[in-house]
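Let's walk through this structure together, one question at a time. Keep the sequence and the 3D view open as you read.

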Amino acid sequence: MAQLQRLSASSSPDQLAEVLKTDGAAIVENVLDAAALDRLRAEIMPYVEATEPGRDDFTGRKTTRTGALVARSAACRALVMDDLILGGANAFLKPFCERVQLHLTQLIRIQPGQVKQPLHRDRLAWGGFLQDSIEPQFNTIWAVTDFTQENGATQVVPDSNNWEAGREAKPDEIQYAEMKAGSVLVYSGSVIHSGGANQADHDRMGLNITYALGWLRQEENQYLSCPPHIAKDFDPALRDLLGYCMGSYALGYYTPPTGPGDGPEVVPPQHLFSGKVTDWSDGDDLYKSVSRRSSEKV
């Protein structure tokens, strides 16, 4: 039976991506120190405490889910751009896309009395229409509190990313992502998992940050959760990750809705923040990449 591997924070992005390719999940231990965790909690807890619980069994009737965290938290923005995690996401997803995008930010708080969430694969967000050979997601859950089996640590079924359709997990195949606060569970969109039952007397909190292929619809609409008037002050690399860039050669351009002759026609999203396009080489690179991929499939 496959075991949930544990990696050190000094692992390389390629090592992390390789474990996900084979096992579907891994824990990276002790990525954040106590000071970083304190900053994160201070920034997000007012929003978490104001969030209502879910309204159905899947989202959790004693579980809260707080989003828009890129807009709300500088500490969360730093985690989104973490070198190891973002590097691992690129290494894992780039075989299937030209650009990786941020798919979701959500603080999941499992409160005492919450029952186990149904086991599932996150890739079903796209309705099962993607072929099995395409891996659409690179998911993370950052432990904001300690994760234990008693307080609802995430249930994970290692190697289930390689299972045939229809196979269900047996109880002895389900493992628990028990980890200290500051560690990170990383898992693919194809691995079976779910939130655990909280039988403790305290909350279990995890920060779900997910990356996806740049040509897919995001689960959390970043253009609305983090609109341009907020995103304009961010580092351009973070804006690109939110989706304010071309997802491929012909994905994501726009035309400013100005009067006749008052503005350009067909520009990349970066034009929104600078008011100009000074370098079109990015389009050339994307076109060459798309052309290469097309020729390799002929």
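Q: Which strand holds Thr 63?
A: Before we start, note that this is a predicted model, in which local features need pLDDT of at least 70, side-chain atom pairs count only at pLDDT 80 or more, and totals for chains, interfaces and linings use all residues. Residues are numbered from 1 along each chain as its sequence is written, and side-chain values use heavy atoms, leaving out hydrogens and water. Helices (H or I, at least four residues) and strands (E, at least two) are DSSP runs, numbered from the N terminus. Thr 63 is found in strand S3.

Q: Is Thr 63 buried or exposed?
A: Buried means under 20% relative accessible area, exposed over 50%, and partly exposed in between, using a 1.4 Å probe and protein chains only. Thr 63 has a relative accessible area of 4%, so this residue is buried.

Q: Which side chain makes a polar contact with that of Thr 63?
A: Contact means heavy atoms within 4.5 Å. Leaving out residues up to four places away in sequence, Thr 63 touches several residues, including Glu 52, Ile 108 and Gln 114. A polar contact is a pair of N or O atoms within 3.5 Å; within protein, one must be able to donate a hydrogen and the other to accept it, and residues adjacent in sequence count only if both atoms are side-chain atoms. At 3.1 Å, the side-chain partner of Thr 63 is Gln 114.

Q: What is the strand order in the open sheet of 7 strands?
A: Two strands pair if DSSP finds at least two bridges between them. The pairing in this sheet is mixed, and its edge strands, each pairing on one side only, are S1 (5-8) and S3 (63-66). The order is S1-S2-S8-S5-S10-S4-S3.

Q: How many bridges join S4 and S10?
A: S4 covers residues 100-110 and is joined to S3 by 4 bridges, running antiparallel; there, Arg 65 stands opposite Ile 108. All the way along, S4 is mostly covered, with 11 of its 11 residues buried. Toward S10, Thr 105 has Ile 209 as its bridge partner. S4 and S10 pair in the antiparallel sense, and the number of bridges is 10.

Q: At about what angle does helix H5 run to S5?
A: Axes are lines fitted to C-alpha atoms, for helices over the stretch in contact, and angles run from 0 to 180 degrees between N-to-C directions. H5 (residues 83-93) lies across S2, S4, S5, S8 and S10, and its buried residues include Leu 84, Ile 85 and Phe 92. Asp 82 caps the N-terminal end of H5, with a side-chain oxygen 3.1 Å from the backbone nitrogen of Leu 84. The angle between H5 and S5 is about 160°.

Q: How many residues are in the largest nonpolar core?
A: A nonpolar core is a set of buried Ala, Val, Leu, Ile, Met, Phe, Trp, Tyr and Cys residues joined through side-chain atoms within 4.5 Å. Among the members touching the most others are Leu 16, Phe 138 and Ile 209. Beyond its neighbours within four places in sequence, Ile 209 is in contact with residues including Val 80, Leu 102 and Trp 142. The number of residues in this core is 53.

Q: Why is Cys 97 not bonded to Cys 245?
A: A disulfide is a pair of cysteine sulfur atoms within 2.5 Å, and a search of the whole structure finds 0 of them. Cys 97 counts as buried at 3% relative accessibility, and Cys 245 is buried as well, at 7%. The closest cysteine sulfur to that of Cys 97 is in Cys 245, and they are too far apart for a bond, at 11 Å.

Q: What is the phi of Asp 159, near which value?
A: Most residues other than glycine have a negative phi. Asp 159 lies in the loop between S6 and S7 and is partly exposed, with a relative accessible area of 30%. Although Asp 159 is not a glycine, its phi is positive, at about 75°.

Q: Which loop holds Ala 68?
A: Ala 68 also has a positive phi, near 55°. At 17% relative accessibility, this residue counts as buried. Its loop is the one between S3 and helix H3 (69-72).
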